[in-house]
Amino acid sequence: MKKLGVAILGMGVVGGGTYKILTDNREYFRRTQKLDITVECVLERNRQRALDLGVEEERIASSIEEVISNPNVDVVVEVIGGIEPARSFVLQALMSGKTVVTSNKEMVCKHWYELEEEAKKMNAGLLFEASCVGGVPIIRTLTDGTQANHILSLVGIINGTTNYILTKMEQEGSDYASALKEAQNLGYAEFNPTADVEGFDAAYKLSILSSMAFNKRIPLENVYREGITKITAEDIAYGKKLGYKIKLLAIGKDTPAGVEVRVHPAFVPAGEMLASVNDSFNAVKLVGDSVGEVMLYGRGAGALPTGSAIVSDIIFAGKHPEIAYSTFENTKEADKNTKFVSDFTTKYFIRLTVEDKAGVLSKIAGVFAKYNVSLKEVKQEVAKANGVPLVIITHETQEFSIRKTLEKLESLEEVISVDSLIRVEE
Ligand code: HSE
């Protein structure tokens, strides 16, 4: 039976989950996959943590050099996260011809070209299913299952922390700060939640996923990004009345006009499948030109779900050593023939507080007309002490027209404040 030796760099949450799956299921993998997978060593600064997880003392390596020089190690699993030392460790592993399996979205997103170049030079594999949407096999689906298609779009909820926060805000009417606190208490959100709540984590994943989906490099710099920190309980309540739920969406489209990649909060109709993806769950909807819609749903984080994706890559490496790289000619920057669309088209929810006097509405409508923005719905809410809330939904319009419209509205003396701008994806 084919033997496969694994080293795990980092015995945190994902490292621990990976170790458990590999050790609990060794016999199962021997029977079902015809592979004898052993954990040859782990690299973890906190030796006690590795011991507590059941790793034998003699299998805890003291340095990356010790891991790399171990001839029994075929696959190096990097689950440290962040850029350094993860990147240097991965490069060293690849340089020595070992296949790398990683969950590190930031590293893959920012250093993909460099890592893939090194892997190709050494005929080593570079696999990263766990980097995007945890246990949901989205990368495998793109490379093996939907590869007959030109993928036209992918739309997903690919960050569990923000989905948990927005679900709590929607279901309990809580404000952003208290929903965040709850997410932190439960261990979903980190002490410094910036990467999740400002949309960086989702943008890293979208950059990787859209590159795989559209078979061309989509660098992070081309992904429009907006987080959820400005979303208020009021916006969610108004959205609810209009039949919408709010989600942090990652949207990638490949159209004749170019590639559109954006991460931002958006209202989606409450009846849409994506609207019922709640709590920390993730989902991705693909549209292929032959298959039509395909939707995947599951856990995007956690020890065992992410460990599941890591182990699936380890098994893949053991069974298919010849298929190891991205499906496109990787480049450092976007290919010069790739056009990007930043002036995208969608509908918009706009909330203003305005003065309560004659002529205000027509003046505001005039600004929308000036920038050729057609209105679908205008609702004047009950007046408050500081003015009248006005909720506006537009028809499909250009992003740049809306930005100009808001700039002009902000300058009107009748407009007390422009409170929110939320895209509406129907
Ligand atoms: N922090 C991520 C999330 C999981 O909340 O979905 C790892 O990417």
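A residue counts as buried when its relative accessible area is under 20%, as exposed when that area is over 50%, and as partly exposed in between. With 40% relative accessibility, N215 is therefore partly exposed, and it is the subject of the opening view. Please keep in mind throughout that this is a predicted model.

**View A. N215 sits in the loop between α11 and β8 (224-225).**
Which residues does N215 touch, once those up to four places away in sequence are set aside? They are S210, T327 and F328. P193 makes a useful landmark for this view: it lies 22 residues from N215 along the chain, and the two C-alpha atoms are separated by 31 Å.

**View B. The largest nonpolar core of the model contains 78 residues.**
V67, I138, I165 and F349 are the residues with the most contacts inside this core. Helix α11, which spans residues 200-214, gives the most to it, namely 9 residues. A second core, separate from this one, has 29 residues, including L4, I37, V39 and F316. As background, nonpolar side chains in soluble globular proteins tend to be buried together.

**View C. V67 is shown with its contacts from beyond four places in sequence.**
On that basis, V67 is in contact with A7, L9, C41, L43, A61, V73, V76 and K98. It is also one of the residues with the most contacts inside the largest nonpolar core.

**View D. I251 lies in strand β9 (residues 244-255).**
Is I251 buried or exposed? Its relative accessibility is 1%, so I251 counts as buried, the cut-off for that class being under 20%. If residues up to four places away in sequence are not counted, I251 touches L154, V155, L206, E260, V261, R262, H264 and E425. Take a moment to find E425 here: it is 174 residues from I251 in sequence, yet their C-alpha atoms are 9.9 Å apart in space.

**View E. Helix α5 (residues 86-95) packs with helix α6 (residues 105-122), their axes coming within 9 Å.**
A pair of packed helices is described by the angle between the axes and the distance between them. Here the axes cross at roughly 15°, which makes α5 roughly parallel to α6, since angles under 35 degrees fall in that class. The crossing is right-handed. From α5, the residues A86, R87, V90, L91, L94 and M95 meet M107, H111, E114, L115, E118, A119 and M122 of α6. By class, this contact has 9 nonpolar, 1 polar and 3 charged residues.

**View F. Helices α8 (residues 160-172) and α9 (residues 176-185) pack with their axes 9 Å apart.**
The angle between them is about 125°, and that makes α8 oblique to α9. Their crossing is right-handed. On the α8 side the contact involves Y164, I165, K168, M169 and E172, while α9 brings Y176, A179, L180, E182 and A183. Of these residues, 7 are nonpolar and 3 are charged, with no polar ones. You may recognise I165 from View B, where it is among the residues with the most contacts inside the largest core.

**View G. Helix α14 (residues 360-370) meets helix α15 (residues 399-411) at an angle of about 150°.**
How are these two helices arranged, roughly parallel or roughly antiparallel? The angle makes α14 roughly antiparallel to α15, because angles over 145 degrees fall in that class. Their axes are 9 Å apart, and the crossing is right-handed. I364, V367 and F368 of α14 meet T405, K408 and L409 of α15. The contact divides into 4 nonpolar, 1 polar and 1 charged residues.

**View H. A cis peptide bond joins E84 and P85, and two residues other than glycine have a positive phi.**
Most peptide bonds are trans, and most residues other than glycine have a negative phi. Omega of the bond between E84 and P85 is about 10°, and P85 belongs to the loop between β4 (75-78) and α5. D279 has a phi of about 55°; it is found in the loop between β10 (258-269) and β11 (281-288). With a relative accessible area of 29%, D279 is partly exposed. N372 has a phi near 65° and is found in the loop between α14 and β14 (375-380). At 67% relative accessibility, N372 counts as exposed.

Conventions. Residues are numbered from 1 along each chain as its sequence is written. This is a predicted model: local features need pLDDT of at least 70, side-chain atom pairs count only at pLDDT 80 or more; totals for chains, interfaces and linings use all residues. Side-chain values use heavy atoms; hydrogens and water are left out. A nonpolar core is a set of buried Ala, Val, Leu, Ile, Met, Phe, Trp, Tyr and Cys residues joined through side-chain atoms within 4.5 Å. Buried means under 20% relative accessible area, exposed over 50%, partly exposed in between (1.4 Å probe, protein chains only). Helices (H or I, at least four residues) and strands (E, at least two) are DSSP runs, numbered from the N terminus. Contact means heavy atoms within 4.5 Å. Axes are lines fitted to C-alpha atoms, for helices over the stretch in contact, and angles run from 0 to 180 degrees between N-to-C directions. Angles under 35 degrees count as roughly parallel, over 145 as roughly antiparallel, 65 to 115 as roughly perpendicular and the rest as oblique. A crossing is left-handed if the near helix is turned anticlockwise from the far one by less than a right angle, and right-handed if clockwise. Ala, Val, Leu, Ile, Met, Phe, Trp, Tyr, Cys and Pro count as nonpolar, Asp, Glu, Lys and Arg as charged, and the others, Gly among them, as polar.
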